[in-house]
Amino acid sequence: MQRYEYKVVPAPQKGTKAKGVKTLEGRFATSIEQLLNQLGQEGWEYQRAELLPSEERTGLTGSTTNWRNVLVFRRALATDEPVSKKPVEEGATPTARPVPGPDDGLTEPPAAPAPISEEPEDPPLSLKPSDETAEKDQTGPSR
């Protein structure tokens, strides 16, 4: 089975000046193009753009939800090598690792619990102690 590692980066918010590009839309497209080409040279394949909520603090006790645009990339991992556990450099964006699925750890399904062997008793209809309980309380605990 082919494994992938993923990288999620914030989408550019401003356009980049470039020769021959004069409109705001063109500058914005240029900044996205440069980001896609840069990560493509590093082996990352563009997957999709996502708009995701981000809860952030405001003031001392408040919080607001801001919506962030991110770009999702992936690249294939070598199949015979395990996911590398190299340390994350300071200031570097950590990369995601594959998450094991529900079938990865189980060799056989879990056994069903044993059936209940006793007949369940109905709860008392009142909170007053029954005659049997009152007699046991007066005579004391049996040994």
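Helices (H or I, at least four residues) and strands (E, at least two) are DSSP runs, numbered from the N terminus. This is a predicted model, in which local features need pLDDT of at least 70, side-chain atom pairs count only at pLDDT 80 or more, and totals for chains, interfaces and linings use all residues. Residues are numbered from 1 along each chain as its sequence is written, and side-chain values use heavy atoms, with hydrogens and water left out.

**View 1. The whole chain holds 2 helices and 3 strands.**
Along the sequence, the pattern reads β-α-β-β-α. The chain has 143 residues, and 11% of them count as buried. Buried means under 20% relative accessible area, exposed means over 50%, and partly exposed lies in between (1.4 Å probe, protein chains only). Contact means heavy atoms within 4.5 Å. Take the contacts between residues at least 6 apart in sequence: 54% of them join residues at least 24 apart.

**View 2. An open sheet has 3 strands in the order 1-3-2.**
The pairing is antiparallel. Two strands pair if DSSP finds at least two bridges between them. Strands of a sheet pair through backbone hydrogen bonds, either parallel or antiparallel. How many bridges join strand 1 to strand 3? There are 7, and strand 3 covers residues 62-76. Strand 2 and strand 3 are joined by 13 bridges and also run antiparallel.

**View 3. The sheet has an antiparallel order of 1-3-2, with strand 1 and strand 2 at its edges.**
Strand 2 covers 45-58. Each edge strand pairs on one side only. Neighbouring strands are turned by 30° against each other on average, direction ignored. For such angles, axes are lines fitted to C-alpha atoms (for helices, over the stretch in contact), and values run from 0 to 180 degrees between N-to-C directions.

**View 4. Glu5 sits in strand 1, residues 4-10.**
Is Glu5 buried or exposed? Glu5 counts as buried because its relative accessible area is 14%. Its side chain makes a polar contact with the side chain of Arg75, at 2.8 Å. A polar contact is a pair of N or O atoms within 3.5 Å; within protein, one must be able to donate a hydrogen and the other to accept it, and residues adjacent in sequence count only if both atoms are side-chain atoms. Side chains alternate along strand 1. Glu5, Lys7 and Val9 point to one face and are buried. Tyr4, Tyr6, Val8 and Pro10 point to the other face and are not buried.

**View 5. Pro10 belongs to strand 1.**
Pro10 counts as exposed because its relative accessibility is 62%. Which residue of strand 3 stands opposite Pro10? That residue is Val70. Next, look at Val9: its bridge partner in strand 3 is Leu71. Pro10 touches Leu35, Asn69 and Val70, not counting residues up to four places away in sequence. The C-alpha atoms of Pro10 and Val72 are 8.9 Å apart, although these residues lie 62 residues apart along the chain.

**View 6. Helix 1, residues 24-41, lies across strand 1, strand 2 and strand 3.**
Helix 1 runs at about 155° to strand 1. Its 18 residues should span 26 Å at 1.5 Å a residue, and its end C-alpha atoms are indeed 26 Å apart. The expected span is 1.5 Å times one less than the number of residues. Gly43 follows helix 1 and has a positive phi, near 95°.

**View 7. Thr30, Ser31, Leu35 and Leu39 are the buried residues of helix 1.**
Seen down the helix axis, they fall within an arc of 160°, so they line one face of helix 1. The arc is that of the directions from the helix axis to the C-beta atoms. These buried residues pack against strand 1 and strand 3. On the other side of helix 1, Glu25 and Gln41 are exposed.

**View 8. Strand 2 and strand 3 form a hairpin.**
Between the two strands are 3 residues. Gly59, in the turn, has a positive phi of about 70°. Glu56 stands opposite Thr64 in strand 3. Ser63 is also in strand 3. With a relative accessible area of 44%, Ser63 is partly exposed. Not counting residues up to four places away in sequence, Ser63 touches Glu55, Glu56, Arg57 and Thr58. Its side chain makes a polar contact with the side chain of Glu55, at 3.5 Å.
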